[in-house]
Amino acid sequence: MFEIIIDKDKCDGQGECADICPTESLAANNGKCEVVSAEECVGCMSCIEVCSVQAITVTETEE
Ligand code: SF4
Ligand code: SF4
């Protein structure tokens, strides 16, 4: 499992992370990115690479 944290103060809501995520774990709604299905995340880190403001943290968890 992976924990995804979005820093909403940094996020500009453009949704590049949601567009690149292969598991559709992220979505941009109302100008901010939201985690919609962290359980689907495979930890590819593509969202982090594409986020120009470093708003995303993905951490592997024990479970
Ligand atoms: S890529 Fe970064 S700034 Fe853009 S919507 Fe995603 S978290 Fe927000
Ligand atoms: S690490 Fe990969 S699978 Fe997980 S939310 Fe980011 S883009 Fe999606």
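Q: What percentage of the 63 residues in the protein is buried?
A: This is a predicted model, in which local features need pLDDT of at least 70 and side-chain atom pairs count only at pLDDT 80 or more, while totals for chains, interfaces and linings use all residues. Residues are numbered from 1 along each chain as its sequence is written, and chains are lettered from A and ligands numbered from 1 in the order in which they are written. A residue is buried if 20 or more other C-beta atoms, placed from the backbone, lie within 10 Å of its own, exposed if 12 or fewer do, and partly exposed in between. Under that criterion, the buried share of the 63 residues is 17%.

Q: In what order do the secondary-structure elements of the protein run from the N terminus?
A: Helices (H or I, at least four residues) and strands (E, at least two) are DSSP runs, numbered from the N terminus. The protein has two helices and four strands. From the N terminus on, their order is β-α-β-β-α-β.

Q: What share of the contacts with a separation of 6 or more joins residues 24 or more positions apart?
A: The C-alpha trace spans about 30 × 20 × 15 Å along its principal axes. Two residues are in contact if their C-beta atoms lie within 7 Å. Among contacts with a separation of 6 or more, residues 24 or more positions apart account for 51%.

Q: Which residue stands opposite A27 in β3?
A: Strand β2 covers residues 26–29 and strand β3 residues 32–35, and they pair in the antiparallel sense over four bridges (DSSP must find at least two bridges for strands to pair). In this arrangement N29 faces K32. The partner of A27 in β3 is E34.

Q: Which residue in the turn of the β2 and β3 hairpin has a positive phi?
A: The hairpin leaves two residues between β2 and β3. The residue in question has 6 other C-beta atoms within 10 Å and is therefore exposed. Its phi is positive, at about 55°, although it is not a glycine. The residue is N30.

Q: Is E24 buried or exposed?
A: E24 is found in the loop between α1 and β2. Its phi is near 50°, a positive value in a residue other than glycine. Because E24 has 12 C-beta neighbours inside 10 Å, its class is exposed.

Q: How many residues make up the largest nonpolar core?
A: A nonpolar core is a set of buried Ala, Val, Leu, Ile, Met, Phe, Trp, Tyr and Cys residues joined through C-beta atoms within 7 Å. In soluble globular proteins, nonpolar side chains tend to be buried together. Here the members include I4, L26, A55 and I56, together with cysteines such as C17, C21 and C33. I56 is in contact with I4, I6, C17, C47, I48 and C51, leaving aside neighbours within four places in sequence, and the total for the core is 10 residues.

Q: How far apart are the C-alpha atoms of I6 and Q54?
A: I6 is found in strand β1 and is partly exposed, because 18 other C-beta atoms lie within 10 Å. Apart from its neighbours within four places in sequence, I6 is in contact with C11, C33, E34, V35, A55 and I56. I6 and Q54 are 48 residues apart along the chain, and their C-alpha atoms are separated by 9.1 Å.

Q: With which residues is G15 in contact, leaving aside its neighbours within four places in sequence?
A: G15 lies in the loop between β1 (2–6) and α1 (16–20). Because it has 18 C-beta neighbours inside 10 Å, G15 counts as partly exposed. From E39, 24 residues away in sequence, G15 is 19 Å apart in space, C-alpha to C-alpha. The contacts of G15 beyond its sequence neighbours are A28 and C33.

Q: How many charged residues does the shell around ligand 1 have?
A: A residue belongs to a shell if its C-beta atom lies within 6 Å of the molecule. Of the 15 residues around ligand 1, C11, C17, C33, C51 and A55 come nearest. Ala, Val, Leu, Ile, Met, Phe, Trp, Tyr, Cys and Pro count as nonpolar, Asp, Glu, Lys and Arg as charged, and the others, Gly among them, as polar. The shell has 10 nonpolar and three polar residues, and its charged residues number two.

Q: How many nonpolar residues are in the shell around ligand 2?
A: Ligand 2 is surrounded by 16 residues, the closest being C21, S25, C41, C44 and C47. The elements giving two or more residues to this shell are β1 and α2 (46–50). Four residues of the shell are polar and none is charged, while the nonpolar count is 12.
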